[in-house]
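Open the model in your viewer and keep the selection tool at hand. The stops below are meant to be taken in order.

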Amino acid sequence: MSVNEVVAGEPGGPAPAPTEAAARPPSSLGREALRRLVRTPMAVVGMALIAVFVLVAIFAPLIAPYSPTDNSWLDQVRPGQYPGPSAEHWLGIDPLGRDVFSRIIYGARQSLLIGVVALALGAVAGIALGVLAGAFGGWVDTVVMRFVDIMLSVPGLLFAIAVAAMLGQSLTSVMIAIAVVNVPIFARLLRGEMLGQRGADYVLAARSLGISRSAIVFRHVLPNSFTPVIVQGTLTLALAIVEAAGLAFLGLSGSDPSAPEWGRMLTDAQETLTSAPMLAIYPGLAIVLAALGFTLVGESLREALDPKFRR
Amino acid sequence: MSLLQVRDLEVHFPIKAGTLFQRTVGAVKAVDGVDLDVEAGTTFGLVGESGCGKSTLGRAIMRLTEPTKGSVTLDGQDILALSERKMRAVRRQFQMVFQDPMASLDPRQSVESMLTEPLRAHKFPGGSAAHAKRIRELLDVVGLPESVVNRYPHEFSGGQRQRLGIARALALNPSLIIADEPVSALDVSIQAQVINLLKELQERFSLTYVVIAHDLAVVRHISKTVAVMYLGGIVEQAPAADLYGQPLHPYTRALMSAVPVPDPNVEESRNRILLQGDLPSPANPPAGCRFHTRCPWKQAAKCDTERPALRELPLVAPGHKVACHYAEDILSGKLTPHEVRPEEVALTPAADDPGSIETTEAHVAGGLTPGGPPGAR
């Protein structure tokens, strides 16, 4: 560019006023992402699955025709012969004379409860560690991250089994076990993202404006680092449901064996797998669909929030 | 007395090695002994190719990158001696405008929140009503309509974003603004608008600027004094007209000869000095004069052993400072340029790190391209 061109410019000419500035409501990044999300078929399917799952869990007593522990149909059960689907029992009766459909419906409650609580515990602890490491850096970062690395070095399910076995058989221990597995994942993710954001120009700009360190971390760095954490959260919920089922399958779940739970239903169905394979397929399908719903939403969310698509 | 005074400023980034026990094995000398003075109300231009340390120098002056040595005096106050808390308060006196207006605005912050933040942080008097008034003033000053207050950075064009960046820098009524490549990320037509806006604001608020750029035309257009940086040090400093009219340092001569002349006849026939090789690594700078490895006027004595100081030449060019042992002889024509063979340049010790300490890009047309034919004037 030459000097002439510099001079040729309009002297401080005002930039053209953004058109339709008044007409269009301001759009934050979140709102834009949401708009993109509802336009993705994958996300809509996922959200529908989640909606069904959550509604079923909440309104289980209204939807299920019978109590999940009612075994009054025991007389219809013969060894090796379990009544299949019928008008009264949509999914048949299990070897202990209970209505399978009702058990699947109530099982959603258990899964959702474990999933949400485990996610909340794991995410909160992980985020706290991540913020600590990402905000301070230096030796704090080193200490926290080495600790996290140790946690990560143990295979997830094995770790959960160890924790569940250590804490004894209870629903709480299952939740804690699954939460513990997810702590390092959240911590690492957030710390890495914050470290990246800390070097960004807008952080430098905030520093040059004399804004305090804590305000920079909490008002700028953290909100801009949170996107992958939200995505990870949805995906973790799917994994937590699968892990809870896995722990239950291995016999590490609540102490009440008659409680309706998808994982335990799978274990029970194992004994009659040759004569009544459908008893394993129903809970298996329920686990897959619930996990699929969260996975689909998580993946679409990742795409919707991707900065590449920001315009 | 000058508003900004920098003395012997050094920014050395340690190079660490070792996996478990890290030890410092060297330093990237991004800024290596810089002195400069900026008079109040003037514009100080800083030019140099990519990787010469000009951005780091700007950040070091603002203490966004902590200098390892030297002093920075702003309005009589040594700011390197201040505690973090006191420093935060002093920051209102000098602000920065960044190269990439998208990256320098928080994508999640609306215009209102972005401009209120510094006002709150420095307890701008008058509460939220006064803050709102100040925001309207600022938007007006940079030529943006008031209706943009609720909008987010991604909704603006590049030029508008840079205006927002300038509005934010002005929020606290600073006396000094350091602009790091303020227009190089913008279209040429927008560059002119932003440059003119900066000039207009300077007159209106009697601002002092330090403008860092690789674009020689931009710097010449707005600066009173221009300094040329090479490999962490200032090699020449003079009033803009003198520097462009009569460059004394061999490096500056090469830079100037790279500027295309908008006349095809002149452009075809004029002599250009094409430098050989790349900028040496700031982790392992050449001994003596930093430029001797690529200098067409290099002499056998002194050049590779003694680092020349920035000195004024009172007899031949008053007010013109240059860091070259042989500046007078080169000017008088007593010394003539000789060929620099690429192999000689390649012999300079190359370190692992090719000096990737800076993000700005140099587009000085042609002249600094490695591998061109050895040129002579």
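In which sense do strand β3 (residues 43-47) of chain B and β9(B) pair, and over how many bridges? In this predicted model, the two strands run parallel, with four bridges between them. To find the register, select G45(B), which lies opposite V226(B) of β9(B).

Stay on β9(B) and select residues 225-230, where six of the six residues are buried. In a regular strand, side chains alternate between the two faces of the sheet. Here T225(B), A227(B) and M229(B) are buried on one side, and V226(B), V228(B) and Y230(B) are buried on the other.

Next, add strand β10 (residues 233-239) of chain B, which is antiparallel to β9(B) and joined to it by six bridges. One marker of this pairing is M229(B), opposite I234(B). Two residues separate the strands of this hairpin, and L231(B) in the turn has a positive phi of about 50°.

Now move to the open sheet of four strands in chain B, ordered β2-β1-β4-β5 with antiparallel pairing. β2 (23-38) and β5 (77-78) of chain B each have a single partner strand, so one side of each has no neighbour in the sheet. Select helix α1 (residues 54-61) of chain B: this helix packs on the sheet and touches β1, β2 and β4 (69-74) of chain B, at about 115° to the direction of β1(B).

Finally, colour chain B by pLDDT: the mean is 85, and 90% of residues reach 70 or more. Residues 347-377 of chain B are below 50, yet the stretch has 68 contacts in the model beyond near neighbours in sequence. The model scores are ipTM 0.81 and pTM 0.78.

Terms used: Residues are numbered from 1 along each chain as its sequence is written. Chains are lettered from A and ligands numbered from 1 in the order in which they are written. This is a predicted model: local features need pLDDT of at least 70, side-chain atom pairs count only at pLDDT 80 or more; totals for chains, interfaces and linings use all residues. Side-chain values use heavy atoms; hydrogens and water are left out. Two strands pair if DSSP finds at least two bridges between them. Contact means heavy atoms within 4.5 Å. Axes are lines fitted to C-alpha atoms, for helices over the stretch in contact, and angles run from 0 to 180 degrees between N-to-C directions. pLDDT is the predictor's confidence in each residue, from 0 to 100. Buried means under 20% relative accessible area, exposed over 50%, partly exposed in between (1.4 Å probe, protein chains only).
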